[in-house]
Amino acid sequence: MLTRKQFLRLSGTSILGFSLFSSASASTGSKSKPKISGTGPMKIDIKTKKLILKHTWTISRNSSNFKNNVFVRIERDGIVGYGEAAPNVRYGEDYKKTTDRIKGAENILKKTDLFHYVDIKEAIDKHITDQSCAKAAIDIALMDWIGKAFNQPLYKLWGLNTAEAPLTSYSIGIDTVEMIKKKTREAEPYPILKVKVGTKRDKEIINAVRSVTKDKPIRVDANEGWKTKEVALENIKWLMDQGVEFIEQPMPASMIEETAWLRDHVDIPIIADEAVKTAHDIPKLVGAYDGINIKLMKSGGLQEALRMIYMAKAYGMKIMLGCMIESSVGISAAAQLTPFVDYADLDGNLLIANDPFSGVKVDHGKFIFNDKPGIGVEGTF
Ligand SMILES: [Mg+2]
């Protein structure tokens, strides 16, 4: 027990300690404190750019040679933030609607202090109820601006250690046996592969990969392609003998009960992708999935992705950070969060031939972060 005198002495010390600290930071703070109001006149540019794929990209649902992504540039107080939307047909998105939604939300940004980015997210969530990729473009640009206003990379602002980031996998899309072999050979520098399945030729696809690499870890993504739990079980049992690390979205997103049954019958992690967009979706997946694949385009940006990470951790679920076909804007933004997750699948920019930006790089699966502020990208559109 402290006497009253001891208590006063101790609290005096801490008050003094605090005031010393405060004055120390005040004396140096004038230099580091951003002289940025967050409320100056604002300029917003929006533009669609055609991103050309190096190879035709095929998954169980569809096939494409290019993607029309929508880029956003915001400028206020001399600071520029970049964002990107990768519209995905699975979620009813296209670049025209996405552009329309971003334009419709311009006033929220223009009338709000950008340092109140939490308020902006709430307002945008109410204003844009479809086209989550449009929300992502705004939120990425906003958080890029915030990082630059504080002159720090976002990973630093969030207290994350880049040395903790997992390696990224490299994706092999559905193709002919010859092309899958060729792509697997091209993927030689990448230590982990993510192979797209969910077809009637799954064994042929995996055998083609395994004919090139005997023991590289493989992750498998069925993209909802197996339509019954019996088919999924049979496929997974075979895949477990092929050195597969986990199975992503084996059945349609709506089949949560069937996925829970499947999980009880196999001893390999099952990760949700199409079944989870935002934090709101996580509680109902507990028990059916071992983990979730977070993508900025589904979550609607970095702020929601961070909330999903905290929520998934609270439920003891594994976390993967994935992507759509995106330029270095979307990929570098997502990479800022990788030190906080178990698996990374951020290769969208590696699959395109005309990336207008450069940012976080990948060397043999390892992210090479830079110390540029915000999302750490250079380039323009
Ligand atoms: Mg997936």
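**Notes on the predicted model: two sheets and their helices**

1. Confidence first: the chain averages a pLDDT of 92, with 91% of its residues at 70 or more; pLDDT is the predictor's confidence in each residue, on a scale from 0 to 100. The weak patch is residues 7–30, where pLDDT falls below 50 and the model shows 2 contacts beyond near neighbours in sequence. A contact here is two residues whose C-beta atoms, placed from the backbone, lie within 7 Å.

2. Some housekeeping. Since this is a predicted model, local features need pLDDT of at least 70 and side-chain atom pairs count only at pLDDT 80 or more, while totals for chains, interfaces and linings use all residues. Residues are numbered from 1 along each chain as its sequence is written. Helices (H or I, at least four residues) and strands (E, at least two) are DSSP runs, numbered from the N terminus.

3. Start with the antiparallel sheet. It is open, has 3 strands and runs in the order β1-β2-β3; two strands pair if DSSP finds at least two bridges between them. β1 and β3 are the edge strands, each with a single partner, so one side of each lacks a neighbour in the sheet. On average, neighbouring strands are turned by 20 degrees against each other, direction ignored.

4. Now the β1 and β2 pairing. β1 (residues 42–58) and β2 (residues 63–76) run antiparallel over 13 bridges, and the hairpin joining β1 to β2 has 4 residues. If you want to check the register, Lys43 has Glu75 as its bridge partner in β2, and Ile52 has Phe66.

5. On to the β2 and β3 pairing. β3 (residues 79–85) is joined to β2 by 7 bridges, again antiparallel. Phe71 sits opposite Glu84 in β3, and Glu75, the partner of Lys43, stands opposite Val80 in β3. The hairpin of β2 and β3 has 2 residues between the strands, and Asp77 there takes a positive phi near 55 degrees.

6. What lies across this sheet? Helix α2 (residues 95–104) lies across β1, β2 and β3, running at about 10 degrees to β2. For the angles, axes are lines fitted to C-alpha atoms, for helices over the stretch in contact, and angles run from 0 to 180 degrees between N-to-C directions.

7. α2 also packs on α5: their axes come within 8 Å and cross at roughly 50 degrees. That makes α2 oblique to α5; angles under 35 degrees count as roughly parallel, over 145 as roughly antiparallel, 65 to 115 as roughly perpendicular and the rest as oblique. The α2 and α5 crossing is right-handed, a crossing being left-handed if the near helix is turned anticlockwise from the far one by less than a right angle, and right-handed if clockwise. Thr98, Arg101 and Ile102 of α2 make the contact with Cys133, Ala134, Ala137 and Ile138 of α5. By class that is 5 nonpolar, 1 polar and 1 charged, where Ala, Val, Leu, Ile, Met, Phe, Trp, Tyr, Cys and Pro count as nonpolar, Asp, Glu, Lys and Arg as charged, and the others, Gly among them, as polar.

8. α5 (residues 132–149) has another partner in α4 (residues 117–127), at an angle of about 175 degrees and with the axes 11 Å apart. So α4 is roughly antiparallel to α5. From α4 come Tyr117, Ile120, Lys121 and Ile124; they meet Lys135, Ile138, Asp139, Leu142, Met143 and Ile146 in α5. This contact has 7 nonpolar, no polar and 3 charged residues. Note that Ile138 is in the α5 list here and also in the contact with α2.

9. Then the parallel sheet. It is open too, with 8 strands in the order β4-β5-β6-β7-β8-β9-β10-β11. β4 (170–172) and β11 (343–344) are the edge strands, each pairing on one side only. At the β11 end, 2 bridges join β10 (residues 318–322) to β11 in parallel, with Leu321 opposite Ala344. Towards β4, helix α8 (residues 202–212) lies across β4, β5 (193–196) and β6 (218–221), at about 150 degrees to β5.

10. Last, a helix pair to look at: α9 (residues 229–240) and α10 (residues 256–265), whose axes come within 10 Å and cross at roughly 30 degrees. That makes α9 roughly parallel to α10, and their crossing is right-handed. Lys229, Ala232 and Leu233 of α9 meet Glu258, Trp261, Leu262 and His265 of α10. The split is 4 nonpolar, 1 polar and 2 charged.
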